[in-house]
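Got the viewer open? Here's a short tour, with something to select at each stop.

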Amino acid sequence: MTALRLSVLAALVLLCGSVALLPAQAPVASIPLQPTPASPTGELKLWYNRPAAQWVEALPIGNGRLGAMVFGGIETERLQLNEDSLWSGGPETLTNTKAREALAETRRRIAAGRYVEAAQAALGMEGPYTESYLPMGNLQIAFEHGDVARGYRRELDLRTAITRTTYRVGPVNYTREAFISHPDRVAVVHFSADRPGALSFVARLDSQLRYRTEAEGAVLTLVGKAPAHVDPSYNNGPGPVVYDDREGMNFEVHLTANATGGRSWVDHDGLHVQGANDVVVLLSAATSFNGFDKSPGTSGRDPGPIAAGELRAAAGKSYAALETAHVADYQSLFNRVALDLGPTTAARDLPTDQRLATLGARDPRLVELFFQFGRYLLISSSRPGTQPANLQGIWNNEVRPPWSSNYTININTEMNYWPAEPANLAELHGPLIEFIGHLAANGRKTADLYYGAHGWVSHHNSDIWARSTPVGDFGQGDPVWAVWQGSAAWLSQHLWEHYAFGGDTAYLRDTAYPLMKGAAEFYLDYLIEDANGHLVTSPSTSPENKFTLPDGATGSVSAGATMDRALIWDLFTNTIEASNELGIDASFRTRLEQARARLIPYQIGSRGQLQEWATDWPEQDPKHRHFSHLFGVYPGREITPERAPAIFTAARRSMELRGDEATGWSMGWKINFWARMRDGDRALTLLATLLRPINGETGTNYRAGGVYPNLFDAHPPFQIDGNFGATAGVAEMLLQSHAGEIHLLPALPAAWASGSVRGLRARGGFEVSMRWSSGRLVEAELLSTLGKTARIRYGALVREVTTRPGQRVVFRPEDR
Ligand code: FUC
């Protein structure tokens, strides 16, 4: 027996008494699992028996870049349109030259224990707010058959990424299908009827931004201009929307139709169809966005030829060809994962909104639908080469959307990408990874100018221009969110995870490692020594909670908030491992190891909780939606029951004190937290809390999240992160791999007694499929893509298996 195997055995005996180990050359089989039915009914549909009355009832479609909300109106169909590069503003300029002085003063006041005054000084580090993600316009299609219909149904089929609306007016059955094609780059709306000549409508384009429409041949064009600046909706300053003839994004939407039978023409009023049998409407769009560092007004691309070319290319294809290419492309991603959580209930025959209201998470098929909806949304909002999914993915209908629909990088943007690796959509991580590169380019200047530090830094908000500076409009924003330097570390975790799952060494060497190293360089410079000789950050906040000082005053900035320590441990550990994998940078690695060993340790507070700050101050809001200090449980990997049992228990206590009620995204995070606590029932409770119907409410609520009728996550308002957090959470309940082992069914709730999953991914290059029954794993199959050794855990049972690339390994707990 090798030394390694002996130590594994010793560890096992320590952990679980005695278990059976496979011999060193573990027998591996190639027996495929029983084919896993995704859903025995085959149905993965959101469906409704009436048109969408409000935006959060409409159904989202998208190809990563172009997005639409489909309302399914009878007399007037509306597709509310977005394009992911259509933002206000232009490239970041560093405008706060006094930030470094403010930093020094903030640090002095923190060192003197003058926390309230320190927060005042920190205001001096702030600069402009980010810009806003904008709505592009609407495609409105007015029919000439009135709005009295029978047999109405509209649906979104997650298996094909196509919406379908059907209804009957008089004797005629009408059908509409809509999708946005990634391969053909256009939105496609197909109208048909079961009587010849029944299709007559006018299609028009409009926008909330400045625009005009033009008719040229068979094409209707909308030519638009975005504002040069849009203030966040929470900032109450004058002139919140600023247009400028030179600056600001230019954009175009092009529309045409292929009609069979009847007549069609385009004039100043719109695109007209009269008496057709079958019509395919095609829409393309482009903006002048030309990179995060170029003015879209003065150095932009010309969007006209791009939109025209894409429309022309698509118009040369049949509907069947467009649809086939779209479905094949979409399914190449979507079909990688199938989930079956057990027997269905009668509720599956109900429309989705009623199903949500009646049973919620007690309906396992609804949980499956919600899990897959998250995967659908990522496929539809983030493709290689597009912008990363923002607070609303790509779907936004407001000129001043909540929180600017920006990149909020103190949790929300990261959460969007939590499912990317485990839910087998790794290449969709690409836009975020590319974005981090832009942020680092700006962030190097910010690190230098604001901090006199090496490397790169970013703060809590960003936008398409990769803003890296603290926002807050020069002292208007609360430092508890605006002055936070942790995002460079948090985002760097995504760089590492993409490698940890996929094992692409060239990517690690050329893309990830240089960015991770740059972030680590910043924190090496930013850390200072506290009175006990530990390394701490200063100023430091715990997004976005405050503390109560002994004299009753409220503080926000201090030194050494727990989250900073957790993030820096994560970044340094990942960077150390990366440099080891690459066999480079030994002396830098040593610096990181030495600094990591000196980081301020976790501390357990008077209530048995994991302390949120270096001092055991009470939280100003004990139920706060953020639980930043618990990063090390999830998405971090430092706090596991094996590695840090006491801290693990304290983290659990902290979450119990926090409670369940929160915003949608916070509940999404909590599902993952409880999964990491290996408490499946509690994770399911959180899933059930999230799957609460929120109907009309779109104002901001910090305590009562849920989901809208279209299954969009409700903060409220709509914020897409909770969808992605929940999808990652379900995956995390079934499979974990953050602690050096592949843990099968670590948090299976009692209610999911029997089921199966196919295609989840584990770190180390494994694809995992499992089948369980009566709450017990029956069989797991691991496909090894990299040929690494798999340490497989199921409960207390651990087996280690060496693999070859491409090999399938079958694991049955019953085998000894
Ligand atoms: C942070 C959160 C809010 C919201 C916003 C976009 O400020 O605390 O709840 O999600 O980001």
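Before the clicking starts, one term: a residue is called buried when its relative accessible area is under 20%. Also keep in mind that this is a predicted model.

**Stop one: strand E33.** Select residues 790–794, the run that makes up E33. Five of its five residues are buried, so by that under-20% cut-off the strand is mostly covered. Colour the two faces separately: Ala790, Ile792 and Tyr794 sit on one side, with Arg791 and Arg793 on the other. Both faces are covered.

**Stop two: the neighbours of E33.** Add strand E29, residues 742–744, which pairs with E33 in the parallel sense over two bridges. Look for Ile742 here: it stands opposite Ile792. Now add strand E34, residues 797–801, where the pairing with E33 is antiparallel and runs over five bridges. Tyr794 has Leu797 of E34 as its bridge partner. Two residues lie between the strands of this hairpin, and Gly795 takes a positive phi near 60°.

**Stop three: two helices.** How do H2 and H9 cross? Select residues 99–111 for H2 and 430–451 for H9: their axes come within 7 Å and cross at roughly 60°. The two helices are therefore oblique to each other. To see the contact, show Ala99, Arg100 and Leu103 from H2 with Asp448, Leu449, Tyr450 and Tyr451 from H9. That set splits into five nonpolar, no polar and two charged residues.

**Last stop: Ala315.** Find Ala315 in helix H4, residues 303–315. Ala315 counts as partly exposed because its relative accessibility is 29%. Beyond its neighbours within four places in sequence, Ala315 is in contact with Asn258 and Leu282.

Note on methods: Residues are numbered from 1 along each chain as its sequence is written. This is a predicted model: local features need pLDDT of at least 70, side-chain atom pairs count only at pLDDT 80 or more; totals for chains, interfaces and linings use all residues. Side-chain values use heavy atoms; hydrogens and water are left out. Axes are lines fitted to C-alpha atoms, for helices over the stretch in contact, and angles run from 0 to 180 degrees between N-to-C directions. Helices (H or I, at least four residues) and strands (E, at least two) are DSSP runs, numbered from the N terminus. Angles under 35 degrees count as roughly parallel, over 145 as roughly antiparallel, 65 to 115 as roughly perpendicular and the rest as oblique. Contact means heavy atoms within 4.5 Å. Ala, Val, Leu, Ile, Met, Phe, Trp, Tyr, Cys and Pro count as nonpolar, Asp, Glu, Lys and Arg as charged, and the others, Gly among them, as polar. Buried means under 20% relative accessible area, exposed over 50%, partly exposed in between (1.4 Å probe, protein chains only). Two strands pair if DSSP finds at least two bridges between them.
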